[in-house]
Amino acid sequence: MLLIPDYRVRQRDLLLEIIRAMTSRLDLAEVLRLVLKASVTMVGGEGPGLVALRNADTGAYRIHATLNIDGDRIPRLESQLQELVTGIQQGLDYHDLEGTLQRMTAEIDPRMRQLFPMPLVIADEPVGILIVFRDYPAAITVDDRQILRSFADHAAIAVHNARLYENIDRERQRLNAFVAHSADGVMILDAERQVLQLNPALAGMTGWSEAESLGRQEEEVLVWSTVSPGNLHELMDGGWPGPSQVGSNPLSVEGDILRRYGQELSIAITYVPLHGEGGQLANIFANVRDITHFRRAQELQNTFVSGVSHELKTPVALIKGYAGTLRREDADWGMAELREGLEVIEDEADRLAGLIDNLLEASRLQAQKMQLDLGPVDLVGLATRVVKRFQMQGTGHDFRLAFPEAFPVIVADEARLRRVMDNLLGNAVKYAPEGGQIEVGGQAAVDAVTLFVRDEGIGIGPEDQEQIFTRFYRVNDALGQRTQGTGLGLYLARAIVEAHGGTIGVDSRPGKGATFHFTLPREARVTTDATQEP
Ligand code: ADP
């Protein structure tokens, strides 16, 4: 036997060195190099050696560590290796594989006379192969083969560990990317509700950056002004999450938080408990959603529903009241009373019809783009008729028309424009409860006309001027609350004007009246749009 003299001591030292390398978290390449060196030393020399690892998905072998092998030879060696390993897996012995082995040896160094292939196996799964060569043939003892086997086993364990670590690392990166880029707020807490992680979306909602929030209690970062059914602290004192399986028993809470710099935000949170191996609570995962828009939309919808029912009930009650009075058999009404009563009935029926038209138009708009019915429109005539109708209602306002002579006739949808005028004049009357002047006029340019409706009423603050054109929006002031409305009038006015290719806006200051103006092209065009119905 031509092994080194004190080789048993040497064997033990080599093994210890490998184990130490594995436990001191050296990277995989380092451990493989060490195993290779130890194995080469074990078989007695300075011969070449290699470790190839198997790709778990493709089954292909790639060389990961070499000793005394020329780098150029690697690609060819890899394909020979594939043959060798397939042969070993098919149960062929060295005798059968001699051809392949000889070709490999010749590739590495023709002087080599003997080689020792050691498959790396974990739980019956091949993970790679270790091969060492020497330049003289000699028998190898059972002991030495066992030591070599144990080096290979250690290499296999190191590969396995590295792959586990890689998987965990990949999972962690995936989770981090998911948390960092999630549009929802995400927070991970420990069992004592201390913040371990908080993503940028949640930092935006709370005003606490991740760095500032780490290690703080959840209740410092999320300060509730109202919350239902309760905050996490109270609910945990009440027994949540209780003994349960991993990820089960989620908890949903909803309410308003005070952001760090003052404003409030409506949010909904789902807390998910994560349990440790012993069943004890380890972490709490919180998913936070900003529901401010949703809440606002809900509020608007509620106001709308109560506004609509109110607006529908009032004219119906008046019509019913007057009709009932007029048809009383014990009364003998004079012509004047009769006419007055019928006028009220007519006005209220008009109001009802106008409201129903607005509702229908608004709901149609939800489903499809507005389609215009174009024709020549005499805007001055239209404005005069609408104003006259309002005048007859005896609202106590002083109506004026202010159009230049020879105002152009435009191409537009007359019924729609009447609705715009109706809605704007109706508002001018409603939001100037003290009376005053209401002026309707226009100017003409080369290819557009501008109309305006000016009142001397309560006016609109700058913060509401854009919003009043959105669906259901109503200014939340004392008069607004007393005045009936649905928040649809200006929304429709804008939709109609824009469908004509025009724009609408308002100039106003609180307490100083409001001037609504809209510009229309002289010739609106029917847009052809695939989504339009015929
Ligand atoms: P509605 O009048 O049914 O509430 P609108 O869409 O017509 O709905 O108007 C939206 C809101 O804009 C109104 O609730 C009111 O607060 C405000 N507004 C509209 N017109 C005027 C106006 N001429 N003066 C003051 N405020 C107005």
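Trainee: Which residue has a polar backbone atom 3.0 Å from an oxygen atom of the ligand?

Mentor: Good place to start. This is a predicted model, where local features need pLDDT of at least 70, side-chain atom pairs count only at pLDDT 80 or more, and totals for chains, interfaces and linings use all residues. Residues are numbered from 1 along each chain as its sequence is written, and side-chain values use heavy atoms, with hydrogens and water left out. A polar contact here is a pair of N or O atoms within 3.5 Å, and the backbone partner at 3.0 Å is Gly-487.

Trainee: How much of the accessible area that the ligand has on its own does the protein cover?

Mentor: Accessible areas come from the Shrake-Rupley method with a 1.4 Å probe. On its own the ligand has 530 Å², and the protein's share of cover is 97%.

Trainee: Which side chain has a polar atom 2.9 Å from a nitrogen atom of the ligand?

Mentor: Two side chains are worth a look. Tyr-431 places an N or O atom 2.7 Å from an oxygen atom of the ligand. The ligand nitrogen, at 2.9 Å, pairs with Asp-455.

Trainee: Is Pro-75 buried or exposed?

Mentor: Pro-75 sits in helix 3, residues 74–89, with helices taken as DSSP runs of H or I, at least four residues, numbered from the N terminus. Buried means under 20% relative accessible area, exposed over 50%, and partly exposed in between (1.4 Å probe, protein chains only). Because its relative accessibility is 56%, Pro-75 counts as exposed.

Notes
Polar contact = N/O pair within 3.5 Å; in protein donor to acceptor, adjacent residues only side chain to side chain. Helix = DSSP H or I, 4+ residues; strand = E, 2+ residues; numbered from the N terminus.
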